[in-house]
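Please read the following points alongside the coordinates. They begin with the chain as a whole and then turn to charged side chains and one part of the surface.

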Amino acid sequence: MPLRNDDVRFISSPLKIPPFRPEPPVPFFAQTLTKSKNSLSHLIYSLNESTRSTEPFTRKLQSFAEHLYGKSVRICSTCLSMTGAVDTLVNFPLLCSASLSLNQSSAEFPAQSELSTQLQQKAQQPHSVSRSDEERVLISEVLVRNKDGEELERKDLETEALTALKACRANSALTVREVQEDVHRIIDSGYFCSCMPVAVDTRDGIRLVFQVEPNQEFHGLVCEGANVLPTKFVEDAFRDGYGKVVNIRRLDEVITSINGWYMERGLFGMVSGVEILSGGIIRLQVAEAEVNNISIRFLDRKTGEPTKGKTRPETILRQLTTKKGQVYSMLQGKRDVETVLTMGIMEDVSIIPQPAGDTGKVDLIMNVVERPSGGFSAGGGISSGITSGPLSGLIGSFAYSHRNVFGRNQKLNISLERGQIDSIFRINYTDPWIEGDDKRTSRTIMVQNSRTPGTHVHGNQPDNSSLTIGRVTAGMEFSRPIRPKWSGTVGLIFQHSGARDEKGNPIIKDFYSSPLTASGKTNDEMLIAKFESVYTGSGDQGSSMFVFNMEQGLPVWPEWLFFNRVNARARKGVEIGPARLLLSLSGGHVVGNFSPHEAFAIGGTNSVRGYEEGAVGSGRSYVVGSGEISFPMLGPVEGVIFSDYGTDLGSGPSVPGGFLYDWPHVSYAFKVCSLPPPPRLQPYFVYLFCFIR
């Protein structure tokens, strides 16, 4: 009977990853977290430090994973983007996937010395050959058996184990190290939870038997702690392995895919523990870092030190889509940062996550730097609607604005623009988000007193007298998002308007005795109910846009005007190589009793370019179309070729007091080049026009 070496055993431990148990909290500061052993703390610190170097970030993740799993792991990381603090937090993998490796160190195999002793005893026999400093043993036969020394029931598993062997072959001289490496290879095949090499003396020589214990067949899954991970995603990941022997390599791939799901969505979550239970049940433990608390920290603009802010914290917090109890998403956090910046009252915004003690949750600190809340401004310019006469288009302006009234992000703007002919005084008070409303409804209260040239509709008077239209307007509007990229506005506006001569006296008829008001009185009064819907694409220049506007005059008093006006505008941009094609179309119609100066004026920089404001004509209806192609030229110079078309659809004669030029109501214009504003300079444009009328 051959001698069996029962005292020689080489067993690898089964896969069992300890559950996620954060250690007691330590103070979290960006400068003092380097020695933290808390896995969540270490991870967050690694994310913050990644903005400085990609290599240290990978080393920190290695340390984090080793602490979490308690054994050797392989860290799969991708290239980190270093374009900025906020961008970096979004572009690198949030929680690098740890590939579970069962490559144990030699210290984990206490029986190695015993195996070496046994093989060295065999090496003293005559058939042993010494080929190096380490003795070799001639092996006559290599077999794979179960832990009881019997043949495996499944021949495919025996084939997998034999295929994994590299050095151990029949009639080969082996060292202890080579046997140990092949034991690793059998375990690394993923199908076996233990492997014990046994050397047996036979009359034909030494037989090397690898006694293996296959993993259990997969018959069920228990997933704990996965609150946001879709059940279907987990089921699909494990579906192919049901009823088959659990393969650790395949399990590693599934864990990687689950961690990848969290990374793609910027979520603080990962697989923290895996255990194969009796009966072929896999228990999967997932750690998801929920938001425990969100706080606002104001920083001084000059020193960067914490200071007292003017904005109420609740005004900022209600802008955030990240809420307590949610799994923290860095992508969602980036959108929240952008949302706070669009409030217009912050210079810089950043979010810093930190562990919430030993709860496994995360606290968020939003650092904000406030802009100056208000101030005065003055300037000058040229009115686009007045281009004739020496210096007649020059205007001066003076304004006061406050961006953060009462610390609630409410806006107050008071402005005065004054020219030789036109003037406008305006007061606007806007609450971007009405308190207590969950639909992000904004409210705007507006009071305005304006005077504009009447030549837009009534033309130049033959006696060279000037005609101006005075309007006093007051109203309130409410706006809110309807759906993504769509917003709606409703409002109620009262308007008191009338015509004035050059001395400021009210007049009701022009030089041709045409009426200047619809009511026949010196002033027209109207109460307007307004509805507007706006679609905006990406918001970039040339992106798609659609605006629909409807105004209804409400005759609350008999002398108030009753009319309905509809207006629509559409724009579409298309990239054609380096050039950009921009198409736009607008049109409108009004019915009922309305003031002549409220007719649609055709012509001007926002209508048919190359004509003065309203120079093409005015009417109850209009259509204006435009097509232009812009292309880069030299440096900041951009060339534009365009054509504009405008018509009143023959409705000009129906406007009381309206005027027409001798040419038809159709015109074209051509602009050959323009110069866009360079960075950090006031916008200016240089046009070279060639008009075809």
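1. Among contacts in the protein chain between residues at least 6 apart in sequence, those joining residues at least 24 apart make up 59%. Please keep in mind that this is a predicted model. The secondary structure of the chain comes to eleven helices and 30 strands, and of its 693 residues 44% count as buried.

2. The surface that the protein chain exposes comes to about 35,600 Å², of which carbon and sulfur atoms supply 55%. One nonpolar surface patch, of about 440 Å², is made by Ile445, Met476, Phe478, Val490, Phe531 and Met550. Of these residues, methionine 550 is found in strand β22, which spans residues 545–554, and methionine 550 counts as partly exposed because its relative accessibility is 33%, a value that lies between the limits of 20% for buried and 50% for exposed.

3. Glutamate 370 deserves a careful look. This residue is found in strand β12, residues 362–370, and is buried yet has no salt bridge. The nearest side chain of opposite charge belongs to lysine 310 and is 6.4 Å away, whereas a salt bridge requires a side-chain nitrogen of Lys or Arg within 4 Å of a carboxyl oxygen of Asp or Glu, and therefore this pair does not count as one.

4. What, then, does the side chain of glutamate 370 make a polar contact with? One partner is the side chain of threonine 311, at 2.6 Å, and in addition the backbone nitrogen of lysine 310 lies 3.0 Å from a polar atom of the glutamate 370 side chain. Leaving aside neighbours within four places in sequence, glutamate 370 is in contact with Phe298, Arg301, Gly309, Lys310, Thr311, Ile345, Met346, Glu347 and Asn404.

5. Side chains of opposite charge can pair when their charged atoms come close. In this model the count comes to 24 salt bridges. One of them is formed by the side chains of glutamate 217 and arginine 154, at 3.5 Å from N to O. This pair links distant parts of the chain, 63 residues apart, with glutamate 217 in the loop between β6 (205–214) and β7 (220–224) and arginine 154 in the loop between β3 (137–146) and α5 (155–164). Glutamate 217 counts as partly exposed because its relative accessibility is 32%, and arginine 154 counts as partly exposed because its relative accessibility is 32%.

6. A salt bridge within one helix is found between arginine 239 and aspartate 236, whose closest N and O atoms are 2.9 Å apart. Both residues lie in helix α7 (residues 231–239), three residues apart, or about one turn of the helix. Aspartate 236 counts as partly exposed because its relative accessibility is 34%.

7. Are the two residues of the salt bridge between arginine 609 and glutamate 628 buried or exposed? Their side chains meet at 3.2 Å, N to O, and this pair links distant parts of the chain, with arginine 609 in the loop between β25 (600–602) and β26 (617–619) and glutamate 628 in strand β27 (residues 621–632), 19 residues apart. Both arginine 609 and glutamate 628 are buried. Elsewhere, salt bridges that share partners join Arg471, Glu551, Arg565 and Glu598 into one network.

Notes: Residues are numbered from 1 along each chain as its sequence is written. This is a predicted model: local features need pLDDT of at least 70, side-chain atom pairs count only at pLDDT 80 or more; totals for chains, interfaces and linings use all residues. Side-chain values use heavy atoms; hydrogens and water are left out. Helices (H or I, at least four residues) and strands (E, at least two) are DSSP runs, numbered from the N terminus. Buried means under 20% relative accessible area, exposed over 50%, partly exposed in between (1.4 Å probe, protein chains only). Lys and Arg count as positive and Asp and Glu as negative; His and the chain ends are not counted. A polar contact is a pair of N or O atoms within 3.5 Å; within protein, one must be able to donate a hydrogen and the other to accept it, and residues adjacent in sequence count only if both atoms are side-chain atoms. Contact means heavy atoms within 4.5 Å. Accessible areas come from the Shrake-Rupley method with a 1.4 Å probe; for residues, only the protein chains shown count as cover. Patches are made of residues with over 30% relative accessible area and no salt bridge: like charges are joined within 9 Å, nonpolar side chains (Val, Leu, Ile, Met, Phe, Trp, Tyr) within 5 Å.
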